[in-house]
Amino acid sequence: MIEARHLRALRAVATTGSFSAAGRELGCTQPAVSQQMKALETSVGTPLLVRSGREMRLTEAGEALVRHASGILAGLTAAEEEVAAIAGLRAGRVRLVSFPSGSSTLVPTALAALRAAHPGTRVFLEEAEPPRSVDLLRAGDCDVALAFRYADAAGAGEAGEAGEWDDLVVRPLLTDRLVALVPERHRLAGARSVAIGELAAEPWIAGCPRCRGQLVEVCEGAGFTPRIDFATDDYPAVVGLVGAGLGVAVLPQLAIESVRPRGARTVALEPAVRREIVALTLPDLAHVPAVAATLEQLARAARRQ
């Protein structure tokens with residue numbers, strides 16, 4: 001019989017590359033991990049790991065078992081949580097991964113309401129941009145992922161993205177419009193709207209990798225390639241660089257709401273560029289009460305934006 005703790009240990013060894021690193025991740029000792037791996041190999045009747053000096057690699061059987069481990073563990077989590085709810089245990093655990101501007105706007109409102117309604121539910125929050133957040137969800141390392149994609153993703157934008165969530169439960173939350181950000185003394189600081197082509201000659205400050213790719217795509221659609229002088233994943237840093245007069249930027253409205261744009265002005269971008277904000281989970285987890293409640297509170301928080 002294969003035990004869940006042995007599968008978790010195998011996945012940790014495969015991810016970290018060693019028993020000692022896996023032990024640190026799991027909160028146990030290196031000998032304990034080694035013993036679990038021996039027990040697992042005994043259960044399946046074949047070697048799962050090949051040890052060569054300090055290196056560790058999976059056998060073909062080990063690779064096959066790791067591929068199935070995430071789905072198995074997600075199913076077990078769903079079963080444990082649902083059974084606990086049926087038995088009347090007013091408790092739950094949700095591991096939430098969100099991109100930064102979602103963490104500072106949607107997430108606080110949602111989690112405050114969740115705590116008020118279900119004080120026994122614990123939420124663990126981690127930050128990651130898509131597609132990494134979606135990868136964490138599929139790997140079984142979180143229960144809910146707050147993610148986004150651009151509205152033209154099914155067209156000439158990010159090829160194939162429109163179908164990349166077909167295996168997940170998708171809860172649409174809101175549509176977030178991008179705005180231009182310029183220094184307060186910029187010639188367009190007082191404009192009601194600006195075509196992105198009017199900023200073609202400006203130095204640019206770019207955001208996260210996915211936003212950066214979208215910026216280049218939109219600019220090239222307007223007939224120019226932006227000269228990116230600075231690139232940072234930190235939205236307050238983008239605003240600070242623009243406020244210091246070092247360039248212009250295009251940011252989601254949600255990101256602007258989470259910072260105070262000192263020394264900078266926002267201007268509506270025409271034609272409009274939008275991104276879709278969604279909450280994602282695995283089908284097996286969608287019926288877990290704590291996960292369902294988290295999705296509902298995220299949706300309610302989005303309606304207040």
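**The largest pocket, helix 8 and Thr77**

By class, the lining of the largest pocket breaks down into 11 nonpolar, 4 polar and 11 charged residues, where Ala, Val, Leu, Ile, Met, Phe, Trp, Tyr, Cys and Pro go down as nonpolar, Asp, Glu, Lys and Arg as charged, and the others, Gly among them, as polar. The structure is a predicted model, so local features need pLDDT of at least 70 and side-chain atom pairs count only at pLDDT 80 or more, while totals for chains, interfaces and linings use all residues. Residues are numbered from 1 along each chain as its sequence is written, and side-chain values use heavy atoms, with hydrogens and water left out.

A pocket here is an open set of points on a 1 Å grid over the protein atoms alone, where a 1.4 Å probe fits, with protein on both sides within 12 Å along at least five of seven lines; lining residues have an atom within 4 Å of a point. The largest one has a volume of about 640 Å³, taken as the space filled by probe spheres set on the points, which are joined across faces, edges and corners. Its lining comes to 26 residues, with Arg11, Arg95, Ala139, Gly140 and Asp141 nearest the centre. Helix 4 (60-86) is among the elements supplying at least two lining residues each, along with helix 1 (4-16), helix 2 (19-26) and strand 3 (92-98). Helix 4 gives the most, at 9 residues. Helices (H or I, at least four residues) and strands (E, at least two) are DSSP runs, numbered from the N terminus.

Helix 4 is also where Thr77 sits. Thr77 is buried, at a relative accessible area of 11%; buried means under 20%, exposed over 50% and partly exposed in between (1.4 Å probe, protein chains only). Leaving out residues up to four places away in sequence, Thr77 touches Arg93 and Leu285, contact being heavy atoms within 4.5 Å. Asp143 is 66 residues from Thr77 in sequence, yet their C-alpha atoms are 9.5 Å apart.

Turning to helix 8, its buried residues are Arg210, Cys211, Gln214, Leu215 and Cys219. They cover an arc of only 165° around the axis, which puts them on the same side of helix 8; the arc is that of the directions from the helix axis to the C-beta atoms. Their cover includes strand 5 (144-150), strand 8 (203-206), helix 9 (235-243) and strand 10 (249-252). Just after helix 8, Gly223 takes a positive phi of about 100°.
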